[in-house]
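Here are my notes for you. Keep the structure open as you go through the points.

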Amino acid sequence: MEDSERWRIVGCIEAGQSITDVALFLGVHHSAISRLWKQFQTSQTAVRTPVAGRPRVTSPAEDRYIAVVAKRNRRSISTRVTFMVAAAVGKAISATTVRRRVSQVCVPLSVQSRGARLK
C-alpha cells in the first residue's frame, strides 16, 4: 500500500466507517486494515519505515516450492535443487538460499552429510 492510501484508510476510520467496510471497499483483508489502525493509534503515523537489511531473494510461495522440490528429490544435492527451482520459477537463486530454506525439511544436501549420517 502506498502512504497516501494508508492515510486515506486512517481518515475513513476516523470519519466513522468500520474496519470491515473499509476493507471491503478496498478489496483487502480486514486484518491488514486493523493492523494499520492499531499502528496509527500507538505511533500516530501510518507511514511504513524502511527496514534495515537485505531484501529477500525468494517469496514465501517460492520458499514452499523449494521445500516441495527438495522433498520430492531427497537424494539431490542443493545445486541440483537450485537448477530445478530456477527452471520452474524463472529467476536465479543460490545453493546457499536452497540450503537455508530446506533446513527444516531434513534433506541430506551433500555427499559429506550423507556419509556423516551413515557413520
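**Notes on the predicted model**

1. Start with A23. Leaving out residues up to four places away in sequence, A23 touches V28, H29, H30 and I33. Bear in mind that this is a predicted model.

2. Now widen the view. A23 and I33 both belong to the largest nonpolar core. This core has 10 residues in all. The others are I9, V10, I13, V22, L36, W37, F40 and A46. Three elements each give two or more residues to this core: α1 (3-14), α2 (19-26) and α3 (30-43). Helix α3 provides the largest share, with 4 residues. In soluble globular proteins, nonpolar side chains tend to be buried together.

3. There is another core to find. It lies apart from the largest one and has 8 residues. Among them are I66, V81, V85 and V98.

4. Next, look at R101. It sits in helix α6, residues 95-101. Is R101 buried or exposed? It counts as buried, because its relative accessibility is 17% and the cut-off for buried is under 20%.

5. What does R101 touch? Not counting residues up to four places away in sequence, it touches R56, T58, D63 and I66. With T58 there is a polar contact, side chain to side chain, at 3.3 Å.

6. Finish with the largest pocket. It holds about 160 Å³ of space. R101 is one of its lining residues, along with R54, P55, R56, V57, A92, I93, S94, T97 and R100. The lining divides into 4 nonpolar, 2 polar and 4 charged residues.

Methods
Residues are numbered from 1 along each chain as its sequence is written. This is a predicted model: local features need pLDDT of at least 70, side-chain atom pairs count only at pLDDT 80 or more; totals for chains, interfaces and linings use all residues. Side-chain values use heavy atoms; hydrogens and water are left out. A nonpolar core is a set of buried Ala, Val, Leu, Ile, Met, Phe, Trp, Tyr and Cys residues joined through side-chain atoms within 4.5 Å. Buried means under 20% relative accessible area, exposed over 50%, partly exposed in between (1.4 Å probe, protein chains only). Contact means heavy atoms within 4.5 Å. A polar contact is a pair of N or O atoms within 3.5 Å; within protein, one must be able to donate a hydrogen and the other to accept it, and residues adjacent in sequence count only if both atoms are side-chain atoms. On a 1 Å grid over the protein atoms alone, a cavity is a set of points where a 1.4 Å probe fits but cannot get out, and a pocket is an open set with protein on both sides within 12 Å along at least five of seven lines; lining residues have an atom within 4 Å of a point. Grid points are joined across faces, edges and corners, and a volume is the space filled by probe spheres set on the points. Ala, Val, Leu, Ile, Met, Phe, Trp, Tyr, Cys and Pro count as nonpolar, Asp, Glu, Lys and Arg as charged, and the others, Gly among them, as polar.
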